[in-house]
Amino acid sequence: MALSLYDATVPSFIQGLTAVGGLVEKARAHCAEQGIDERVLCGSSIAPDMWPFAKQVICACQHSAEAVAAVFVGHDGPDMAPGPMNFAELSQRVNTAVESLKAVTPEQLEAVAESDLMFQIGERQMPFTATGYLLSLAMPNFYFHSATAYAVLRNQGLAIGKRDILGAPRMKG
């Protein structure tokens, strides 16, 4: 049986975004328990030249649900706006992304798998097929930003571990 584009992307995006949503909730609980203003944790990063936790969460949404949506319209590009600086908005963005992915059917995604997609960042245009875009640009970026969101929280002292970023694996049975 051949692996479809849907099977290679959407379930993994849902699994990862669900884990990212769990990170947002753990960050919210940590701030409440420690008396930390949530804007402080939302604005925390690993290095001065890296985006903060909130933007990492938004980027995980962009490189999953928004990337899948982009293959249906044929173009995409990064949203350079800063992320919201509160957990309620971050949680809502993640939940909306998960719900939009759940609404995509395998047949819909397979129908556009070889369609053209232009990714534009500034003046640079990068032509892809939908498959090439999702597998070689969106998915690696999704995992990068998800893992970086996790790393920011670990760096800030949250008691989280590998299971918190892996999410629930899709086991046989």
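Modeller: Helices here are DSSP runs of H or I with at least four residues, numbered from the N terminus (strands are runs of E, at least two). Right after H1 comes Gly-35, with a positive phi near 70 degrees. The model is predicted, so local features need pLDDT of at least 70 and side-chain atom pairs 80 or more, while totals for chains, interfaces and linings use all residues. Residues count from 1 along each chain as its sequence is written, and side-chain values use heavy atoms, leaving out hydrogens and water.

Colleague: How do you know that the length of H1 fits a helix?

Modeller: The expected span is 1.5 Å times one less than the number of residues. H1 covers residues 5–34. For its 30 residues, 44 Å is expected. First to last C-alpha is 43 Å, which is close.

Colleague: What makes H1 and H3 roughly antiparallel?

Modeller: Their axes cross at roughly 160 degrees and come within 10 Å. Axes are lines fitted to C-alpha atoms, for helices over the stretch in contact, with angles from 0 to 180 degrees between N-to-C directions. Over 145 counts as roughly antiparallel (under 35 roughly parallel, 65 to 115 roughly perpendicular, the rest oblique). H1 and H3 are therefore roughly antiparallel.

Colleague: Which residues of H1 and H3 meet?

Modeller: Contact means heavy atoms within 4.5 Å. From H1, Phe-13, Leu-17 and Val-20 are among them; H3 brings residues including Val-57, Cys-61 and His-63. By class, this contact has 12 nonpolar, 2 polar and no charged residues.

Colleague: Why is H3 called roughly parallel to H4?

Modeller: H3 and H4 (residues 87–102) pack at about 15 degrees, axes 9 Å apart. That angle makes them roughly parallel. Phe-53, Val-57 and Cys-61 are among the H3 residues in the contact; H4 offers Leu-90, Arg-93 and Val-94, among others. The split is 12 nonpolar, 3 polar and 2 charged.

Colleague: And what makes H3 and H6 roughly antiparallel?

Modeller: H3 (residues 53–73) and H6 (residues 130–155) pack at about 160 degrees, axes 8 Å apart. That makes the pair roughly antiparallel. Their contact holds 17 nonpolar, 7 polar and no charged residues.

Colleague: Where is the kink in H6?

Modeller: At Ala-138, shortly before Pro-140, at about 35 degrees. The bend is the angle between axes fitted to the seven residues ending at a residue and the seven starting there.

Colleague: How do you know that the span of H6 agrees with its residue count?

Modeller: Its 26 residues should span 38 Å, and the end C-alpha atoms are 35 Å apart, which agrees. Just after H6, Gly-157 has a positive phi of about 90 degrees.

Conventions. Ala, Val, Leu, Ile, Met, Phe, Trp, Tyr, Cys and Pro count as nonpolar, Asp, Glu, Lys and Arg as charged, and the others, Gly among them, as polar.
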